[in-house]
Amino acid sequence: MTFNNLKTLTRSAVILPAALALSPTVMAEPKTYVVDDEHFSMFFEIMHIGYAPVMGMFREVEGQFVYDEEARELESGKLVFQSESVFTNHKKRDEHVRNPDFLDSKKHPEITFTVTDFETTGETTGKVTGDLALLGQTRSVVLDVTLNKADVYPFGHEEYTLGISASTTLKRSEWGMTYGLDEDMVGDEVKLHFGFEAIRESGWF
């Protein structure tokens, strides 16, 4: 082997790993996904006087997150619920839930969940940790998350879309919502269930 050939081989040994590290097949590709509000469902359930759970939902929500599907890394994310949009299928109860006994919607119109951490627990499952801001207080909450499907949508917008389910249980008293606890009229434990689709935006992020 000549000296020139050795120099060429050495140069290639340095350049090739760098090129591979920058190639699209190796480099992480975090993408921004926007929550499709037409395909978002979130409901909560809370026990009423020990008889049966009352169920409700929020009708207005928006959000987005940055996710690298190849590396399975959730870089950031946020969901914003309009507290005034709460619905429990009972007009007077909805009005009560909006008042200061519960959500205090006029003073706190938004409920936000901001992602702080993500841990994979299986091939399609994980735990998302985030800060839940409610009634002017912020506490950490962990969601159990399942990725149901990731594919190009078959009709309509025809964009790459993730289908996600999530759930958690929290105690409302930790955010200062204590109405009905002393009399055991309204339960402290609140179960939350989410199901939604999120559409990937085009381009690099």
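Strand 1 (residues 31–48) gives the most to the lining of the largest pocket, with 5 residues. Strands here are DSSP runs of E with at least two residues, helices are runs of H or I with at least four, and both are numbered from the N terminus.

This is a predicted model, where local features need pLDDT of at least 70, side-chain atom pairs need 80 or more, and lining totals use all residues. Numbering starts from 1 along each chain, and side-chain values use heavy atoms, without hydrogens or water.

A pocket is an open set of points on a 1 Å grid where a 1.4 Å probe fits, with protein on both sides within 12 Å along at least five of seven lines; lining residues have an atom within 4 Å of a point. Its volume is the space filled by probe spheres set on the points.

| Pocket | Volume | Lining | Nearest the centre |
|---|---|---|---|
| Largest | about 740 Å³ | 33 residues | F44, I46, V97, F102 and M177 |
| Second largest | about 460 Å³ | 29 residues | L74, F118, V128, V145 and I164 |

What lines them? The largest pocket has 26 nonpolar, 5 polar and 2 charged lining residues, while the second largest has 17 nonpolar, 8 polar and 4 charged. Strands including strand 3 (61–68) and strand 8 (137–152) each supply at least two residues to that second lining.

Now for D94, which sits in helix 2 (residues 91–98). D94 is buried (under 20% relative accessible area), yet has no salt bridge (a Lys or Arg side-chain nitrogen within 4 Å of an Asp or Glu carboxyl oxygen). R98, the nearest side chain of opposite charge, is 4.5 Å away. D94 does have a side-chain polar contact (a pair of N or O atoms within 3.5 Å, one able to donate a hydrogen and the other to accept it) with T88, at 2.5 Å.

Notes. Ala, Val, Leu, Ile, Met, Phe, Trp, Tyr, Cys and Pro count as nonpolar, Asp, Glu, Lys and Arg as charged, and the others, Gly among them, as polar. Buried means under 20% relative accessible area, exposed over 50%, partly exposed in between (1.4 Å probe, protein chains only). Lys and Arg count as positive and Asp and Glu as negative; His and the chain ends are not counted.
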